[in-house]
Amino acid sequence: MSTLEPERGTGTGTLVEPTPQTSHGDGDHERFAHYVQKDKIMASALDGTPVVALCGKVWVPGRDPKKYPVCPMCKEIYESMGAGGDDKGKGGDK
């Protein structure tokens with residue numbers, strides 16, 4: 001064994017944890033602003049946790065949602081909720 005190589009089993013390696021995939025689908029969700037509960041967006045802004053839109057998209061908001069059209073699926077779900085859906089907010093994409 002060479003002196004330049006560490007002995008096997010000494011625990012000197014680096015543990016690499018996989019990064020969770022937070023975006024799902026064919027990419028169409030990336031072009032829209034999505035509806036998400038306002039308190040979830042605020043929590044995400046504070047601690048960076050992903051949010052789940054009404055349509056099911058999972059991501060960490062980071063862009064201005066006013067620059068994107070509203071996701072048609074989110075809009076349909078939101079409108080079907082009727083009155084009382086005021087606790088939902090429009091979240092940013094990515």
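A helix here is a DSSP run of H or I with at least four residues, numbered from the N terminus. Ser44 sits in one of these, helix H1, which covers residues 38–47. The model is predicted. The protein has 94 residues, and 24% of them are buried. This briefing covers the overall fold, the surroundings of Ser44 and the cysteines.

**Fold and surface**
- The protein contains 2 helices and 4 strands.
- Along the sequence, these elements run β-α-β-β-α-β.
- Among contacts with a separation of 6 or more, 64% join residues 24 or more positions apart.
- The accessible surface of the protein is about 6900 Å². Carbon and sulfur atoms hold 54% of that surface.

**Ser44 and its surroundings**
- Ser44 belongs to helix H1.
- Its relative accessible area is 4%. The limit for a buried residue is under 20%, so Ser44 counts as buried.
- Outside its neighbours within four places in sequence, Ser44 touches Thr49, Val51, Val60 and Pro61.
- Thr49 also provides a polar partner: its backbone oxygen is 2.7 Å from a polar atom of the Ser44 side chain.
- Pro61, another residue in contact with Ser44, is 17 residues from Ser44 in sequence. The C-alpha atoms of Ser44 and Pro61 are 7.3 Å apart.

**Cysteines**
- The disulfide count is 0.
- The test is distance: a disulfide needs two cysteine sulfur atoms within 2.5 Å.
- For Cys71, the closest cysteine sulfur is in Cys74, at 4.0 Å. That is too far, so there is no bond between Cys71 and Cys74.
- Cys74 is in no disulfide either. Its nearest cysteine sulfur belongs to Cys55, 3.6 Å away.
- Cys71 is buried, with a relative accessible area of 3%.
- Cys74 is buried too, at 0% relative accessibility.

**Points to carry forward**
- Ser44 combines a place in helix H1, a relative accessible area of 4% and a 2.7 Å approach to the backbone oxygen of Thr49.
- Cys71 and Cys74 are both buried, yet the sulfur of Cys71 stays 4.0 Å from that of Cys74.

Technical notes. Residues are numbered from 1 along each chain as its sequence is written. This is a predicted model: local features need pLDDT of at least 70, side-chain atom pairs count only at pLDDT 80 or more; totals for chains, interfaces and linings use all residues. Side-chain values use heavy atoms; hydrogens and water are left out. Buried means under 20% relative accessible area, exposed over 50%, partly exposed in between (1.4 Å probe, protein chains only). Contact means heavy atoms within 4.5 Å. Accessible areas come from the Shrake-Rupley method with a 1.4 Å probe; for residues, only the protein chains shown count as cover. A polar contact is a pair of N or O atoms within 3.5 Å; within protein, one must be able to donate a hydrogen and the other to accept it, and residues adjacent in sequence count only if both atoms are side-chain atoms.
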